[in-house]
Amino acid sequence: MNESSRIGIGYDIHRLVEGRKLVLGGVEIPFEKGLLGHSDSDVLTHAICDALLGAAGLGDIGTHFLDSDPRWAGASSLEFLARVVELITEKGYRVANVDATVIAERPKLVPYMQAIRKRLALVLQIEVDQINVKAKTNEGLESVGRGEAVGAQAVALLIVR
Ligand code: MG
């Protein structure tokens, strides 16, 4: 039997390196570096996938999308998110809201926030006001603060359809 609502948390971090595109929330952001990984390494979308899977009791992104699978080499993480939405729909839930934080020393993300929310809302099949994305620096501290990585955190609330 389904509970009426369920909450989930997600976290991710990827290395920031030269020669890669920077994609956050499915939006390509002009910057001299990008995130390293098997897919497009969209750290924000990964954190949101984990929050949704966690809320639904469906494990984590690594179990659903193996990073050794050649299908996902360079893949848009929005494909993962779309599949996660299918999985939670099959379990009888829909997304009530998502809140997320991207932690990056650079670049400034505020100019891209509305585009990111719109892109994610479309895939999540929700309205833009049901998803909030915040941007923070790490105050120069640790790997994120040194510009070596970008991190993301997310929470998601699911409700019965
Ligand atoms: Mg990841």
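This report walks through a helix, a metal site, some salt bridges and a loop proline in a predicted model.

## Helix H4 and its two sides

Let's start with helix H4, which runs over residues 113-124 and has 12 residues. From its first C-alpha to its last, H4 reaches 16 Å, close to the 16 Å expected at 1.5 Å a residue. Which residues of H4 are buried? They are Met-113, Ile-116, Arg-117, Leu-120, Ala-121, Val-123 and Leu-124. These buried residues cover an arc of only 165° around the axis, so they sit on the same side of H4. A general point about helices helps in reading this pattern: an α-helix has 3.6 residues a turn, so residues three or four places apart point the same way.

The other side of H4 has Lys-118 and Leu-122, which are exposed. If you would like to see what the buried residues pack against, there are several elements to look at. The helices are H1 (43-56) and H3 (77-90). The strands are S2 (23-24), S3 (27-28), S5 (93-103) and S6 (131-136). Just after H4 comes Gln-125, a residue to look up on your Ramachandran plot, with a positive phi of about 60°.

## The magnesium site

Which protein residues are donors of the magnesium ion? Asp-12 contributes through OD, His-14 through NE2 and His-46 through ND1. These donors lie 2.0 to 2.3 Å from the ion. Along the chain, the donors follow the spacing D-x1-H-x31-H. Distant parts of the chain are linked here, with Asp-12 in strand S1 (residues 5-18) and His-46 in helix H1, 34 residues apart.

Are Asp-12 and His-46 buried or exposed? Asp-12 has a relative accessible area of 17%, which is under the 20% cut-off, so Asp-12 is buried. His-46 also counts as buried, because its relative accessibility is 8%.

## Salt bridges

The count of salt bridges comes to 7. One of them joins Lys-134 and Asp-99, whose closest N and O atoms are 2.8 Å apart. That pair links distant parts of the chain, since Lys-134 is in strand S6 and Asp-99 is in strand S5, 35 residues apart. Lys-134 is partly exposed, with a relative accessible area of 32%, and Asp-99 is partly exposed at 25%. Elsewhere, salt bridges that share partners join Arg-83, Glu-86 and Glu-90 into one network.

Within that network, Arg-83 forms a salt bridge with Glu-90, and the closest N and O atoms are 3.8 Å apart. Arg-83 is partly exposed, with a relative accessible area of 33%, whereas Glu-90 counts as exposed because its relative accessibility is 59%. Another salt bridge pairs Glu-28 with Lys-21, with 4.0 Å between the closest N and O atoms. Both Glu-28 and Lys-21 are exposed.

## A proline in a loop

Finally, have a look at Pro-30, which is found in the loop between S3 and strand S4 (33-35). Is Pro-30 buried or exposed? Its relative accessible area is 60%, over the 50% cut-off, so Pro-30 is exposed. As for its position relative to Arg-15, the two residues are 15 apart in sequence and 17 Å apart in space, C-alpha to C-alpha.

How values were computed: Residues are numbered from 1 along each chain as its sequence is written. This is a predicted model: local features need pLDDT of at least 70, side-chain atom pairs count only at pLDDT 80 or more; totals for chains, interfaces and linings use all residues. Side-chain values use heavy atoms; hydrogens and water are left out. Helices (H or I, at least four residues) and strands (E, at least two) are DSSP runs, numbered from the N terminus. The expected span of a helix is 1.5 Å times one less than its number of residues. Buried means under 20% relative accessible area, exposed over 50%, partly exposed in between (1.4 Å probe, protein chains only). The arc is that of the directions from the helix axis to the C-beta atoms. Contact means heavy atoms within 4.5 Å. Donors are N, O and S atoms within 2.8 Å of the metal (3.2 Å for Na, K and Ca); water is not among the atoms, so sites may look incomplete. A salt bridge is a side-chain nitrogen of Lys or Arg within 4 Å of a carboxyl oxygen of Asp or Glu.
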